[in-house]
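Got a few minutes to poke around a fold together? Here it is, with some questions and answers to follow.

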Amino acid sequence: MTHLQAGLSPETLEKAKLELNENPDTLHQDIQEVRDMIITRPDIGFLRTDDAFILKFLRARKFNHFEAFRLLAQYFEYRQQNLDMFKNFKAPIQGSNRRLKDGFPGVLSNLDHYGRKILVLFASNWDQSRYTLIDILRAILLSLEAMIEDPELQVNGFILIIDWSNFTFKQASKLTPSMLRLAIEGLQIFMHGNNLNSLHQLIHPEILPSEFGGMLPPYDMGTWARTLLEHEYDDDNEYVSDSYNMSFKDVEKTLSPKSMKRSQSVVEAGVLKHIDKDDENTQPLLSLD
């Protein structure tokens with residue numbers, strides 16, 4: 001095992017080997033193969049090319065060098081084409097308190113049976129007077145970037161569930177084509193519909209809150225906000241801060257069932273999850289599962 005695999009449990013190391021084709025003996029060579037391809041895209045500014053960063057993309061593409069580089073290129077190209085969205089892209093970001101409190105996104109305390117982290121969104125909570133869909137997408141991407149630092153999640157991945165119940169026509173009218181395109185290009189999602197049985201085949205109800213037909217208490221919308229913002233979180237006031245320094249291990253400590261309060265909403269749920277599309281040229285920037 002190399003230092004790049006430090007932090008992985010024995011079980012995850014074996015999973016990385018069997019499912020992702022990760023080989024500690026060739027790990028540095030694999031990374032260099034991807035790094036050597038950067039010269040082929042002089043139109044893109046690759047802001048990070050260190051070993052640990054490139055390794056995330058290799059894991060996301062099961063150590064297919066070409067596909068890992070294409071994903072790396074698409075990641076920076078997307079950021080390059082949407083500079084405003086990624087300006088000062090670190091937590092906490094100015095004005096993000098409200099959308100995080102509203103559960104954009106929420107993060108469940110338990111992993112699913114594949115070891116994936118579960119993100120949840122409740123679409124009807126969108127307060128359009130305070131923030132846009134782009135603001136929500138930015139908060140989601142920011143949260144994913146914070147969590148993907150954990151090597152266990154690099155191997156196991158994420159899954160995103162969205163509850164569309166009680167989503168109003170007025171809210172839907174704000175979903176412009178350009179905004180939707182940014183979301184689709186950034187996350188790559190697939191609609192299942194209002195089918196809890198379908199959802200429970202993906203994620204066991206024992207680890208889901210009651211809003212999704214699960215056996216846990218209703219989800220407290222402020223759980224992830226309190227975790228991500230830590231001392232910057234205020235139950236009553238919007239925060240203003242320019243600094244953030246919190247590791248994912250600190251995040252895990254606060255994402256325990258004891259830290260969760262009960263909310264009042266109980267709604268039917270839809271589910272969105274990533275699938276590979278037929279078009280091989282369209283890939284998610286951050287693969288959710």
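A quick definition before the questions: contact here means heavy atoms within 4.5 Å. Bear in mind that this is a predicted model.

Q: Which residues in H4 do Phe 53, Phe 57, Leu 58 and Ala 60 in H3 meet?
A: Helix H3 covers residues 51-60 and helix H4 covers residues 65-81. Sorted by class, their contact has 9 nonpolar, 1 polar and no charged residues. On the H4 side, the residues met are His 65, Ala 68, Leu 71, Leu 72, Tyr 75 and Phe 76.

Q: How do H3 and H4 sit relative to each other, going by the class of their crossing angle?
A: Their axes come within 8 Å and cross at roughly 120°. The crossing is right-handed. Angles of 65 to 115 degrees would count as roughly perpendicular and those over 145 as roughly antiparallel, so H3 is oblique to H4.

Q: What kind of aromatic pair do Phe 57 and Tyr 75 make?
A: Both residues are buried. Their ring centres are 5.6 Å apart, and the cut-off for a pair is 6.5 Å. The planes stand at 65°, and anything over 60 counts that way, so the pair is edge-to-face.

Q: How many residues apart in sequence are the parts that the pair of Phe 57 and Tyr 75 ties together?
A: Phe 57 belongs to H3, while Tyr 75 belongs to H4. The pair therefore links two helices, and the parts it ties together are separated in sequence by 18 residues.

Q: What is the geometry of the pair formed by the rings of Tyr 75 and Phe 76?
A: Tyr 75 and Phe 76 are buried. Their ring centres are 5.0 Å apart and the planes are at 80°, so this pair is edge-to-face.

Q: Which residues form one aromatic cluster?
A: Searching the whole structure turns up 10 aromatic pairs. Phe 57 and Tyr 75 pair up, and so do Tyr 75 and Phe 76. The full cluster is Phe 46, Phe 53, Phe 57, Phe 69, Tyr 75 and Phe 76.

Q: How are H2 and H3 oriented to each other?
A: Helix H2 spans residues 27-36, and its axis comes within 10 Å of that of H3, crossing at roughly 85°. Among the residues in contact are Ile 31 and Val 34 in H2, with Ile 54 and Leu 55 in H3. By class the contact has 6 nonpolar, 1 polar and 3 charged residues. Given the angle, H2 and H3 are roughly perpendicular.

Note on methods
Residues are numbered from 1 along each chain as its sequence is written. This is a predicted model: local features need pLDDT of at least 70, side-chain atom pairs count only at pLDDT 80 or more; totals for chains, interfaces and linings use all residues. Side-chain values use heavy atoms; hydrogens and water are left out. Rings of Phe, Tyr and Trp (its six-membered ring) pair if their centres lie within 6.5 Å; planes under 30 degrees apart count as stacked, over 60 as edge-to-face and the rest as tilted. Helices (H or I, at least four residues) and strands (E, at least two) are DSSP runs, numbered from the N terminus. Buried means under 20% relative accessible area, exposed over 50%, partly exposed in between (1.4 Å probe, protein chains only). Axes are lines fitted to C-alpha atoms, for helices over the stretch in contact, and angles run from 0 to 180 degrees between N-to-C directions. Angles under 35 degrees count as roughly parallel, over 145 as roughly antiparallel, 65 to 115 as roughly perpendicular and the rest as oblique. A crossing is left-handed if the near helix is turned anticlockwise from the far one by less than a right angle, and right-handed if clockwise. Ala, Val, Leu, Ile, Met, Phe, Trp, Tyr, Cys and Pro count as nonpolar, Asp, Glu, Lys and Arg as charged, and the others, Gly among them, as polar.
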